[in-house]
Amino acid sequence: MSFDSETLTIYLPGRPFPSLSVTGTGCDQMCEHCKGAHLRHMKDVSCGSAMSAAVDDIISSGGHGMLVSGGCDKRGSVPVMNVIDDIERAVRSGLKVNVHTGFLNEDDAERLVSAGVREFSVDVHQDPVIIKEVLHLDVSPDAYSEMIDIIVSAGGRPVPHLTAGFGTYDLLASAELVRDKGLNEITLLALVPVKGTITENSLITEDTIVEAARMLKGMGFEVTLGCMRPRFHRGLEIRCIDSGIKSIANPSRDTVAWAREKGMKIVEKHTCCCFTR
């Protein structure tokens, strides 16, 4: 493959675009592959005026925006509406805001969009066994279709996140659902080993992730390699670029240097990877 004149978009959120958890490290859903561990890497804005202070800090420091997420309740919903006024203030101040709400109703979707939110991170799964046994959710696969419809009807932009490592059926069926909804962008994630979970002693191979990327590209999707992925696969990022992926969240310096050597133009965005437009 010739990389001359190709563009690689890299997303480097960091301090200008922090990830905020409205539940701190708390999570009622406690999925088998995470058990709330990933929340520890987010800024806790669950108490008092912490969210308001976080917005003030981003604005005063010249930041670009924020991801608002957190742990889920047993219905698979993140209580982002508890901080809706702060979200609205952030957007009105010129910040980009991506929300990860989990399942939500029409009223909440409309309120978020009226507050200025456009990007909604949406995890999509279609394997009933994964949904019930791993995610602990008492919902059918159709619930994910309904979630996407609710966001679109409210005027939001759902950004589907698909995860390699839950099996080929879950990945393929989820991709087919996204395609049926007329969406052409996907963020590809991969299971990360977490101590004390079902992933602790499992190792998702580099080949599995690359094959997932190739499959999604072959279905016609624009694919971004998201930030949730094992970092010990040293060749993963370059192999994904070879497979046609042209946007990566938090790539290694070696990958960026390799891309420059290949003649690729590097475009840096200091937001999360949902802001492709």
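Is H136 buried, partly exposed or exposed? I looked this up in the predicted model and got partly exposed, with a relative accessible area of 33%.

**Entry: odd backbone angles**

I stayed with H136 for a moment. Its phi is near 60°, a positive value in a residue other than glycine. I placed H136 in the loop between α4 (128-134) and α5.

M30 went into my notes next to it. M30 has a positive phi of about 50° and is not a glycine either. I found M30 in the loop between β2 (19-21) and β3 (43-44). Its relative accessible area is 30%, so I put M30 down as partly exposed.

**Entry: S145**

I then went into α5, residues 142-154, where S145 sits. S145 has a relative accessible area of 16%, which falls under the 20% cut-off, so I logged S145 as buried. What does S145 touch once neighbours within four places in sequence are left aside? I got L177 and K181.

**Entry: strand β1**

Next I checked β1, residues 7-11. Four of its five residues are buried, so I read β1 as largely enclosed by the rest of the structure.

Which strands pair with β1? One is β11 (residues 265-269), running parallel to β1 and joined to it by five bridges. In that pairing I saw T7 opposite K265. Another is β10 (residues 247-249), also in the parallel sense, with three bridges. There T9 stands opposite S247.

**Entry: largest pocket**

I ran the pocket search and wrote down about 1300 Å³ for the largest pocket. It has 50 lining residues, and those closest to the centre are H38, S69, H100, D123 and M228. I also asked which elements feed the lining: β4 (65-69), β6 (119-123), α5, β7 (157-164) and β8 (185-190) each give at least two residues. By class, I have 28 nonpolar, 21 polar and one charged in that lining.

**Entry: second largest pocket**

How much space lies in the second largest pocket? I noted about 180 Å³. Its lining includes T9 and Y11, along with E222, V223 and T224. Two elements give two or more residues to this lining, β1 and β9 (222-225). The largest share, three residues, comes from β9. I split the lining by class and got two nonpolar, five polar and five charged.

One cross-reference for myself: T9, which I had opposite S247 in β10, turns up in the lining of this second pocket, and S247 does too.

Definitions and conventions. Residues numbered from 1 in each chain as written. Predicted model: local features only at pLDDT ≥ 70, side-chain atom pairs only at ≥ 80, totals over all residues. Heavy atoms only, no water. Buried < 20%, exposed > 50% of the residue type's maximum accessible area, 1.4 Å probe, protein only. Contact = heavy atoms within 4.5 Å. Pairing = 2+ DSSP bridges. 1 Å grid on protein atoms, 1.4 Å probe; cavity = no way out; pocket = protein on both sides within 12 Å on 5 of 7 lines; lining within 4 Å. Points joined across faces, edges and corners; volume = space filled by probe spheres on them. Nonpolar A, V, L, I, M, F, W, Y, C, P; charged D, E, K, R; others polar.
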